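User: Please take a close look at the open sheet in this model and at the strands and salt bridges around it. I would like one connected account, with the cut-offs behind each term.

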Amino acid sequence: MIPERWLNGAILLGMLAVPLWAWADGAPFTITLATKVAILALAGVGLNIALGLGGLVSLGHAVFFGLGGYAMGILASHAQSFVPLAETPFLIEGTKSMPVIWLVAVVVSALAALMIGLLCLRTSGVYFIMITLAFGQMFYYFAISWPRYGGEDGLSIYVRNSFPGLNTLDPIQFFGICFAALAAALWLHGRLIASPFGLALNAARQSPARVETIGLSPFRLRLTAFVISGAITGLAGALFADLNRFVSPTMFSWQLSGEIIIFIILGGIGRLYGPVVGAALFVTLEHVLGGFSEFWQVYLGALLLAVVLVARGGLIGLVAGRERPHE
Amino acid sequence: MSEPVLEVQGLTKHFGAVTACERVSLDLRPGEIHAVIGPNGAGKSTLIAQICGGLRPDAGQVKFLGEDVTALDTRARARMGLARTFQISALAMEDTVLQNAILGALGARGGTPGFLGRALKDKGLREAAEAALTRVGLNDVAATRTAELSHGQRRQLEVAVALTLRPRAFVMDEPMAGMGSEGSARLTRFLSELRHEAPILLVEHDMDAVFALADRLSVLVYGRIIATGSVAEIRANRQVRQAYLGEER
Ligand SMILES: Nc1ncnc2c1ncn2[C@@H]1O[C@H](COP(=O)(O)OP(=O)(O)OP(=O)(O)O)[C@@H](O)[C@H]1O
Ligand SMILES: [Mg+2]
């Protein structure tokens, strides 16, 4: 067994090495694939905070991914058409600035997570899964039936948004931005796991009665985790929209919520680097097998089944063994 | 006589047709151990759940530190200083023994738990947790995963977590259950001292421990208290002997 720390280091290095090698080799498409991995992994890290640490199986995380995407789409489309978003009560203009878009994406997703969490976290188990799914569908159908921002067809953005001091049109530089966001989210998740908050949240997952008898509220702990989780997945949505320069209601779809869960299960539920491994595998399979057959997801299904049956700790568990109690 | 720390009046709880508690009244005074005994299914755990806030009584009142806490939830009562141990251990099984104790210390500190600091490197939390583990004799297994503890050790950890809260009263549901005789003798000595820090409402089946520890005893049968008194009084009580002690001897 390889210690999980080393494995994590190797994964992070691999995430950097592949696109750098592709850059030196002049293979921009590989860089784009690596960027997609980084962004999807970021969405997975978001969900992993709710699911791995808090035990909250949300089948509606596409809501936050989609909100992040539409935050970008709406702000950028107004900027490219020079039509302000609102003139009353005060003027709100669109923007092509990534930091501003990210801020909006994070705040909007966090607020949505707060509202959805307040309603859903009163329930648990299958009910929680179903209600989060229902919220996802609500947002999905709302986006489809909102003609102002493209409805079913979605929204195209002509030029990628800008980041001060960088050329975001250069694939390797945009990858750098996404990788930095992923690394920051992993750092935050790592700190949360070891923090008093993480300890309490983790205990609330295992024994809510215990947490109440020491005077803390499992509900509040979970709500906080859900908000942090939604905000991170929202940021991933904004980056994903920028990668494709396109937003559509599929970002809200339940299939997408399911895919984010699949990343986590493949890598290992609650394992810090689980979503990175899961997303990398998913994108690789999609790319390699998708070339052979339209039905590549059959193979994905078989792999998922194997991981669930053979390695309950996911692929990280297979290599690094059982999770140790956190230091 | 000083004011009771905990006072229960007329607590009644029905589960459908089952009457788990019927007009139960008792109190807990400073410095004492008040034991509640009774056969299986008598309603002891139901009584404790109502005292600590997990169950809402159908009728009656719970007063803690002179305040009516009947409408308060478990958390509010815990923050006032009511510490409960569970009959069936309610611990974070995947976590280490030390982490469980630190959780208690975190609750005692109050406020929102921090997000970026390290729980195990927090000096205050760690010292409080380690002190509690040392007192119940679990310091050697602090780094062990809780799931790997014996049943008796889990009971000790329940007590340690309660200690970290530095409570005004303890409510313990069968802390000796599943312990060997040596363990339960040790815990008996420990509780005997602990009563001077905060009084203990003790539900226990181990009669040796109860007779050794209790300042007062209440006997609960089919949800009713049929007698309350000193150990000698309860031993001499004919009704109690028939209803309960007779079966044990
Ligand atoms: N949640 C519940 N729903 C329905 N009935 C319950 C519930 N909890 C307890 N009871 C019933 O209430 C009665 C009292 O149960 P309780 O657990 O309080 O007894 P106890 O004195 O603690 O028993 P033991 O010595 O076995 O721990 C029993 O008849 C039990 O079946
Ligand atoms: Mg009981």
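Analyst: What follows describes the sheet of chain B, then the neighbouring strands, then the salt bridges.

This is a predicted model, in which local features need pLDDT of at least 70, side-chain atom pairs count only at pLDDT 80 or more, and totals for chains, interfaces and linings use all residues. Residues are numbered from 1 along each chain as its sequence is written, chains are lettered from A and ligands numbered from 1 in the order in which they are written, and side-chain values use heavy atoms, with hydrogens and water left out.

The open sheet in chain B has 6 strands in the order S6-S7-S8-S3-S9-S10, and its pairing is mixed. At its edges are strand S6 (82-85) and strand S10 (224-229) of chain B, each of which pairs on one side only. On average, neighbouring strands of this sheet are turned by 15° against each other, direction ignored. Strands (E, at least two residues) and helices (H or I, at least four) are DSSP runs numbered from the N terminus, and two strands pair if DSSP finds at least two bridges between them. Axes are lines fitted to C-alpha atoms, for helices over the stretch in contact, and angles run from 0 to 180 degrees between N-to-C directions.

From the S6 edge inwards, S6(B) and S7(B) pair in the parallel sense over 4 bridges, with B:Ala83 opposite B:Phe170 in S7(B). S7(B) and S8(B) likewise pair in the parallel sense over 4 bridges; B:Met172 has B:Leu202 in S8(B) as its bridge partner. Strand S3 (residues 33-37) of chain B pairs in the parallel sense with strand S8 (residues 200-203) of chain B, over 4 bridges, and here B:Ile33 stands opposite B:Ile200.

S7(B) is mostly covered, 5 of its 5 residues being buried. Buried means under 20% relative accessible area, exposed over 50%, and partly exposed in between, with a 1.4 Å probe and protein chains only. In a regular strand the side chains alternate between the two faces of the sheet. In S7(B), B:Ala169, B:Val171 and B:Asp173 point one way, while B:Phe170 and B:Met172 point the other way. Across S6 and strand S7 (169-173) of chain B lies helix H5 (residues 151-164) of chain B, running at about 170° to S6(B). Contact means heavy atoms within 4.5 Å.

Next come the strands S1, S2 and S4. Strand S1 (residues 6-15) of chain B pairs with S2(B) in the antiparallel sense over 7 bridges, and B:Leu6 stands opposite B:Leu28 in S2(B). The hairpin of S1(B) and S2(B) has 2 residues between the strands, and B:Gly16 takes a positive phi near 60° there. S1(B) also pairs in the antiparallel sense with strand S4 (residues 59-64) of chain B, over 5 bridges; the bridge partner of B:Glu7 in S4(B) is B:Lys63. B:Lys13, in strand S1 of chain B, counts as buried because its relative accessibility is 11%. Apart from neighbours within four places in sequence, the contacts of B:Lys13 include B:Val18, B:Cys21, B:Thr46, B:Leu55 and B:Asp58.

The salt bridges remain. Side chains of opposite charge can pair when their charged atoms come close. A salt bridge is a side-chain nitrogen of Lys or Arg within 4 Å of a carboxyl oxygen of Asp or Glu, and the count over all chains comes to 16. One of them joins the side chains of B:Arg216 and B:Asp27 (2.7 Å, N to O). This pair links distant parts of the chain, with B:Arg216 in strand S9 (residues 216-221) of chain B and B:Asp27 in strand S2 (residues 18-28) of chain B, 189 residues apart. Both B:Arg216 and B:Asp27 are buried. Together with B:Arg29 and B:Glu32, B:Asp27 and B:Arg216 are linked in a network of salt bridges.

Another salt bridge joins B:Arg126 and B:Glu130, whose closest N and O atoms are 3.1 Å apart. The two residues are separated by about one helical turn, because they are 4 residues apart in helix H4 of chain B. B:Arg126 is partly exposed, with a relative accessible area of 30%, and B:Glu130 is partly exposed at 33%.
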